[in-house]
Amino acid sequence: MSKQAQRTVLTVIATIALAVTYLGIGFALCAGFPMVTRSLSNANSAFDASPHAHDELVELAIATRGFTVDDGFQTDEEAETAVEKLAHEVLDAATASAASSEKGAVWTDEAREFLSQAGSQDVSASEAMYALSELDPAYGLDREAVSHLEDVNAVVANARTPLIGVTLIAAFCLMCLVYLFGAKAAGRALFASGCAALGAFALAGLWAIISFESLFACLHGLFFAEGTWLFPADSLLIQMYPEGFWVGMGAVWLASSALVAVVSIIIGAVILRKRTPKAEEPFVPAGEQA
């Protein structure tokens, strides 16, 4: 393979790998920090429609984020433990909300009696939560919701290693470009990857503006079985995470990734603007130096 072909192949691979890395960094920034979920939940969760008090609903949104993002299930036992932990959070929130002055009147007598006896019954927290959700889907997470959350957990967990691998490929290609062809070759890849990423983000943003529901459905269709991610508007899961929440999350994701892409463009432009060596002092690739 000629030197020109080698440089082209390395540049293309580095550009694609870097653009994917920027997307992964944006996701890590928006999903990896509970304060982002707290802020978006405070601004968008369906507090008026929910029987849960404001603070309890926000804390449930954060706990559910932890279930899907922080907890990696390697075994069925670990998954069961995580579900039980989340169920305890839901039951505690329900008990506190039913007793609060803010939302207490919304809860039925049947629900109050159920919550008062839940701790003494010989059933797991998850079974109690499922039974509570049968009284009203806004009270707790049902089996379908928990199953979807487990699917999300699996997608996030399975994506980590490939994304790390793509990042390492990008770094390796950049090093090869510098070693074989000089810094400007790497600068071109950094500049091109930033431009490519911004172009992709602009298209995604335009799609979201035209029809966020269509974009949301398309993304979910890539990772989840049809129908497994659709829930009634009065369910606890949707009250925690209504459309406004996901619009905000998508905006944070795109903004974070776009910022990284802009930094890449700037670094690439700075490298490309550097003065080239004089003709009498031609650049010698590191791989060809004695």
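# Salt bridges, rings and cysteines in a predicted model

Glu-59 and Arg-38 form a salt bridge, with their closest N and O atoms 2.9 Å apart. This link joins distant parts of the chain: Glu-59 sits in helix α3 (residues 54–70), Arg-38 in helix α2 (residues 34–44), and 21 residues separate them. Keep in mind that the model is predicted.

## Charged pairs

Side chains of opposite charge can pair when their charged atoms come close. How many salt bridges does the structure hold? There are three. The table lists them with their N to O distances.

| Salt bridge | Closest N and O atoms |
|---|---|
| Glu-59 with Arg-38 | 2.9 Å |
| Arg-65 with Asp-70 | 2.4 Å |
| Glu-127 with Arg-143 | 2.9 Å |

Start with Glu-59 and Arg-38. Glu-59 is partly exposed, at 36% relative accessible area. Its partner Arg-38 is partly exposed as well, at 37%.

Now take Arg-65 and Asp-70, which form a salt bridge. Is Arg-65 buried or exposed? Arg-65 is buried, with a relative accessible area of 6%. Asp-70, in contrast, is partly exposed, with a value of 46%.

Glu-127 pairs with Arg-143. Where do these two residues lie? Glu-127 is in helix α6 (residues 125–135) and Arg-143 is in helix α7, so the pair links distant parts of the chain, 16 residues apart. Glu-127 counts as partly exposed, at 35% relative accessibility. Arg-143 is partly exposed too, with a relative accessible area of 44%.

## Two buried residues

Helix α2 also holds Thr-37. Thr-37 counts as buried, at 1% relative accessibility. How far is the C-alpha atom of Thr-37 from that of Val-58? The two atoms are separated by 8.4 Å, while the residues are 21 apart along the chain.

Trp-107 is placed in a loop, between α4 (76–99) and α5 (109–118). Trp-107 is buried, with a relative accessible area of 3%. Compare its position with that of Thr-95. In sequence, Trp-107 and Thr-95 are 12 residues apart. In space, their C-alpha atoms are 10.0 Å apart.

## Aromatic rings

A pair of aromatic rings is described by the distance of the centres and the angle of the planes. How many aromatic pairs does a search of the whole structure find? The search finds eight. Which residues form one aromatic cluster? The members are Phe-212, Phe-216, Trp-229, Tyr-241, Phe-245 and Trp-246.

A ring can also have a charged side chain over its face. Arg-7 lies over the face of Phe-181, at 5.6 Å from the ring centre.

## Cysteines without a bond

How many disulfides are there? The count is zero. Why is Cys-173 not bonded to Cys-176? The sulfur of Cys-173 is 6.3 Å from the one in Cys-176, its closest cysteine sulfur, and that is too far for a bond. A disulfide needs the two sulfur atoms within 2.5 Å. Seen from the other side, Cys-176 is in no disulfide either, as its nearest cysteine sulfur is that of Cys-173, 6.3 Å away.

Are these cysteines buried or exposed? Cys-173 counts as buried, at 4% relative accessibility. Cys-176 is buried too, with a relative accessible area of 17%. Both values fit the rule that buried means under 20%.

## A nonpolar patch on the surface

Which residues make the nonpolar surface patch? Met-1, Val-9, Ile-13 and Ile-169 do, and the patch covers about 380 Å². One of these residues, Ile-169, lies in helix α7 (residues 143–181). Ile-169 is partly exposed, with a relative accessible area of 42%. Helix α7 is also the home of Arg-143, the salt-bridge partner of Glu-127.

Conventions: Residues are numbered from 1 along each chain as its sequence is written. This is a predicted model: local features need pLDDT of at least 70, side-chain atom pairs count only at pLDDT 80 or more; totals for chains, interfaces and linings use all residues. Side-chain values use heavy atoms; hydrogens and water are left out. Buried means under 20% relative accessible area, exposed over 50%, partly exposed in between (1.4 Å probe, protein chains only). Patches are made of residues with over 30% relative accessible area and no salt bridge: like charges are joined within 9 Å, nonpolar side chains (Val, Leu, Ile, Met, Phe, Trp, Tyr) within 5 Å. Accessible areas come from the Shrake-Rupley method with a 1.4 Å probe; for residues, only the protein chains shown count as cover. A salt bridge is a side-chain nitrogen of Lys or Arg within 4 Å of a carboxyl oxygen of Asp or Glu. Helices (H or I, at least four residues) and strands (E, at least two) are DSSP runs, numbered from the N terminus. Rings of Phe, Tyr and Trp (its six-membered ring) pair if their centres lie within 6.5 Å; planes under 30 degrees apart count as stacked, over 60 as edge-to-face and the rest as tilted. A charge sits over a ring if NZ of Lys or CZ of Arg is within 6 Å of the ring centre and within 35 degrees of the ring normal.
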